[in-house]
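This report walks through one structure, moving from its sheet to a pocket and then to its charged side chains. Please keep the sequence and the model in view while reading.

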Amino acid sequence: NMWTEKIEKYVAVSGLPGIFKIASTRNNGLLIENMDTGKTKFISIRKHQFTPLGTVSIYTEDDATEITKVFQSMLDQFEDNPPPAINAKANDLFEYFEDVLPTFDKDQVFIGDIKKVIKWFNYLKERSFFTNEPSSDEEE
């Protein structure tokens with residue numbers, strides 16, 4: 001699946017909504033690209049924390065599962081079982097997560113983690129990230 005390799009180039013940045021593409025790395029930070037506008041800007045490691053999506057895993061009862069596998073499960077179930085709204089009841093969020101990752105560790109995975117995964121998933125899905133067609137880089 002093409003997007004599982006592609007995810008290595010994407011990052012969440014503390015204090016900024018959404019997901020960004022890593023345009024290039026510097027010693028003191030990252031040059032990130034906005035997925036909507038294609039504009040790049042420099043973000044300092046002194047002011048922000050970076051979460052490269054390729055490194056994110058969800059705790060499970062026996063180990064941890066890469067977020068790409070969780071996203072894939074969410075995609076597979078999307079028609080019959082779309083993710084609940086971020087502000088849904090905690091119970092609904094946990095129930096949904098149990099459907100997409102039955103072995104998730106209920107002691108180590110918190111409601112904030114589940115919201116983050118759903119938020120990232122929705123953000124990427126709305127931008128056709130999970131389709132296998134290469135995204136169009138042409139300027140309109």
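## Strand β1 and its partner β5

Alanine 12 stands opposite threonine 51, a residue of β5. The model in which this pairing appears is a predicted one, and the values below are computed from it. On the same two strands, valine 13 stands opposite phenylalanine 50 in β5. Strand β1, which covers residues 10–13, pairs with β5 in the antiparallel sense, and the pairing runs over three bridges.

Which way do the side chains of β1 point? Tyr10 and Ala12 point one way from the strand, whereas Val11 and Val13 point the other way, and all of them are buried. The cut-off behind that word is a relative accessible area under 20%.

## The five-stranded sheet

Strands of a sheet pair through backbone hydrogen bonds, and this pairing can be either parallel or antiparallel. Here an open sheet of five strands, with antiparallel pairing, follows the order β4-β3-β2-β1-β5. At its edges lie β4 and β5 (50–52), each of which pairs on one side only. From one strand to the next, the twist averages 45 degrees.

On the side of β1 turned to β2 (residues 20–26), the two strands pair in the antiparallel sense over two bridges, and valine 11 has phenylalanine 20 in β2 as its bridge partner. The hairpin of β1 and β2 has six residues between the strands, and within this hairpin glycine 15 takes a positive phi near 85 degrees.

Further along the sheet, β2 and β3 pair in the antiparallel sense over six bridges. Arginine 26 stands opposite glycine 29 in β3, and the hairpin that β2 and β3 form has two residues between them.

## The second largest pocket

How much space lies in the second largest pocket? The computed volume is about 450 Å³. The pocket is lined by 20 residues, and those closest to its centre are Thr51, Asp113, Lys116, Val117 and Trp120. Threonine 51 has already appeared in this report, as the β5 residue opposite alanine 12.

Two or more residues of the lining come from each of β1, β6 (57–59) and α4. The largest share, six residues, is given by α4. Sorted by class, the lining holds eleven nonpolar, six polar and three charged residues.

## Salt bridges

The count of salt bridges in the model comes to five. One of them joins aspartate 36 to arginine 127, with the closest N and O atoms 2.6 Å apart. This pair links distant parts of the chain, for aspartate 36 sits in the loop between β3 (29–34) and β4 (40–44), while arginine 127 sits in the segment after α4 (111–126), and the two are 91 residues apart. Is arginine 127 buried, partly exposed or exposed? With a relative accessible area of 26%, arginine 127 is partly exposed, because partly exposed covers values between the buried limit of 20% and the exposed limit of 50%.

Another salt bridge brings together the side chains of lysine 69 and glutamate 66, at 3.5 Å from N to O. Glutamate 66 has a relative accessibility of 40%, and therefore counts as partly exposed.

Glutamate 98 and lysine 106 also form a salt bridge, in which the closest N and O atoms are 3.6 Å apart. Glutamate 98 is partly exposed, with a relative accessible area of 37%, and lysine 106, at 42% relative accessibility, counts as partly exposed as well. Salt bridges that share partners also join residues into one network, made up of Asp36, Glu126 and Arg127.

## The segment after α4

The segment after α4, in which arginine 127 was placed above, is also the place of serine 128. Although serine 128 is not a glycine, its phi is positive, at about 55 degrees. At 43% relative accessibility, serine 128 counts as partly exposed.

Notes: Residues are numbered from 1 along each chain as its sequence is written. This is a predicted model: local features need pLDDT of at least 70, side-chain atom pairs count only at pLDDT 80 or more; totals for chains, interfaces and linings use all residues. Side-chain values use heavy atoms; hydrogens and water are left out. A salt bridge is a side-chain nitrogen of Lys or Arg within 4 Å of a carboxyl oxygen of Asp or Glu. Helices (H or I, at least four residues) and strands (E, at least two) are DSSP runs, numbered from the N terminus. Buried means under 20% relative accessible area, exposed over 50%, partly exposed in between (1.4 Å probe, protein chains only). Two strands pair if DSSP finds at least two bridges between them. Axes are lines fitted to C-alpha atoms, for helices over the stretch in contact, and angles run from 0 to 180 degrees between N-to-C directions. On a 1 Å grid over the protein atoms alone, a cavity is a set of points where a 1.4 Å probe fits but cannot get out, and a pocket is an open set with protein on both sides within 12 Å along at least five of seven lines; lining residues have an atom within 4 Å of a point. Grid points are joined across faces, edges and corners, and a volume is the space filled by probe spheres set on the points. Ala, Val, Leu, Ile, Met, Phe, Trp, Tyr, Cys and Pro count as nonpolar, Asp, Glu, Lys and Arg as charged, and the others, Gly among them, as polar.
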